[in-house]
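Biologist: I am new to this structure and would like to be guided through it. Could we proceed by question and answer?

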Amino acid sequence: MSGSNKTDFTNPSSFILLSIPGLDVAHIWISIFFCTMYAIAVLGNFIILFIVKTEASFHGPMYYFLCMLAITDLLLSTATVPKMLSNFWFNSREIDFSACLTQMYFIHCFSMMESGILVAMAFDRYVAICDPLRHSTILTNSVVSKIGLAVVMRGIMLVLPYPFLVSRWPYCRTNIIPHTHCEHMAVVKLACGDTHVSRYYSIFMIFCVKGLDMIFITVSYTQILRAIFSLPTKDAQLKTLGTCSSHLCSILAFYIPLRFSSLTHRFALNVPLHFHVLIANVYLLVPPMLNPIIYGVRTKQIRGRVLLRLFTHKGM
């Protein structure tokens, strides 16, 4: 009897996204909050791109990496928010199997790219502070382009096994995903076959790939801090440290929720499901929203240029 009642999802045509289980009554307010965050992210990142493109003085390595970060943030948030909002507002919970795999791929691909860009920005700060006289000769436009291409190719290639492996597993439990989007481990948990390869590869990506990124960033900032504290005056130390503050805030905004979300999903810590889903969405929405604000507020040149354009526009 039990076998006859089991639905065969070996080749599911679609999945059902439950959004945030347990918080159904708050979905409309959560959707407004997420929509506001997305609108701020889109507006802020487009402003960053526009300012850097139109100001010749910003055509340098730091701002090129900032543009890469802005583009990645736009793509990362856009890969999830539109479908999430259609779920909240129009109860459009069904997602095609191939569309789910595509969304999964892009989410993790853009996340991997963002991690790589943060490493590249740490390297830029290291050269600018520890070897300032050679900064322009080391980080030429050609080198910046090659770094950007390497970051993109790394994200594209390393994430390819995610949808490839997931598409091969049989699904005999259910096609309901208790999440707002097709998160990799949330889909893997629905499979009834041996998913150890997917799980091990996911752990490899978190600890070896993004873990190495964090190690590179830590080593860079260890050298940066040594150089800063060797400066003769406290004012010089604070001024130099201030050039890194925006990047440090971006690192914290990205890696803290990423680590928490990844560890709770893989090691089943005693965290309520709705809280885990919220944290997963924070990881996808907060960095894209905060990064343009952080760089707009903390970077004097960008802040001044934005204000100048606002006042010039009003004067016209």
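Biologist: How many helices and strands does the secondary structure of the chain come to?

Modeller: Please keep in mind that this is a predicted model. The chain has 316 residues, of which 48% count as buried. Among contacts between residues at least 6 apart in sequence, 78% join residues at least 24 apart. The secondary structure comes to 12 helices and 3 strands.

Biologist: In what order do the strands of the open sheet lie?

Modeller: The sheet has 3 strands and mixed pairing. Strands β2 (94–96) and β3 each pair on one side only, which makes them the edge strands. Strand β1 (residues 14–17) pairs with β3 in the parallel sense over 2 bridges, and the order is β2-β1-β3.

Biologist: Which residue in β3 does isoleucine 16 stand opposite?

Modeller: Strands β1, residues 14–17, and β3 are paired in the parallel sense. In β3, the residue opposite isoleucine 16 is isoleucine 176.

Biologist: At about what angle does α4 run to β2?

Modeller: Helix α4 spans residues 97–130. This helix lies across β1, β2 and β3. Its angle to β2 is about 85°.

Biologist: Which cysteine is joined to cysteine 100 by a disulfide?

Modeller: A disulfide is a covalent bond between the sulfur atoms of two cysteines. The structure holds 1 disulfide. Its S to S distance is 2.0 Å, and the partner of cysteine 100 is cysteine 182.

Biologist: How many residues apart in sequence are the parts that this pair ties together?

Modeller: Cysteine 100 lies in helix α4, whereas cysteine 182 lies in the loop between β3 (176–177) and α8 (184–188). Both cysteine 100 and cysteine 182 are buried. Because of where the two cysteines lie, the disulfide ties together parts whose separation in sequence is 82 residues.

Biologist: Is the disulfide left-handed or right-handed?

Modeller: The torsion about the S-S bond of cysteine 100 and cysteine 182 decides this. That torsion is about -125°, so the disulfide is left-handed.

Biologist: Is cysteine 208 buried, partly exposed or exposed?

Modeller: A residue counts as buried under 20% relative accessible area and as exposed over 50%. Cysteine 109, at 2%, is buried. Cysteine 208 has a relative accessibility of 35%, so this residue counts as partly exposed.

Biologist: Which element gives the most residues to the largest nonpolar core?

Modeller: The largest nonpolar core has 67 residues, and those with the most contacts inside it include Phe15, Leu118, Cys182 and Val187. The element that gives the most to this core, with 18 residues, is α4.

Biologist: How many residues does the second, separate core have?

Modeller: Ile30, Phe34, Ala41 and Met289 are among the members of this second core. The core is separate, and its size is 14 residues.

Biologist: Which residues does valine 187 touch, not counting residues up to four places away in sequence?

Modeller: Valine 187 is one of the residues with the most contacts inside the largest nonpolar core. Both cysteines of the disulfide, 100 and 182, are among the residues that valine 187 touches. The full list is Phe15, Cys100, Met104, Val166, Tyr171, Ile177 and Cys182.

Biologist: Are the rings of phenylalanine 254 and tyrosine 255 stacked or edge-to-face?

Modeller: A search of the whole structure finds 13 aromatic pairs. Phenylalanine 254 is buried, at 0% relative accessible area, and tyrosine 255 is buried, at 4%. Their ring centres are 5.0 Å apart and their planes are at 85°, so the pair is edge-to-face.

Conventions:
Residues numbered from 1 in each chain as written. Predicted model: local features only at pLDDT ≥ 70, side-chain atom pairs only at ≥ 80, totals over all residues. Heavy atoms only, no water. Disulfide = S-S within 2.5 Å. Helix = DSSP H or I, 4+ residues; strand = E, 2+ residues; numbered from the N terminus. Buried < 20%, exposed > 50% of the residue type's maximum accessible area, 1.4 Å probe, protein only. Pairing = 2+ DSSP bridges. Contact = heavy atoms within 4.5 Å. Axes fitted to C-alpha atoms, helices over the stretch in contact; angles between N-to-C directions. Core = buried A, V, L, I, M, F, W, Y, C linked by side-chain atoms within 4.5 Å. Phe/Tyr/Trp six-rings, centres within 6.5 Å; stacked < 30°, edge-to-face > 60°.
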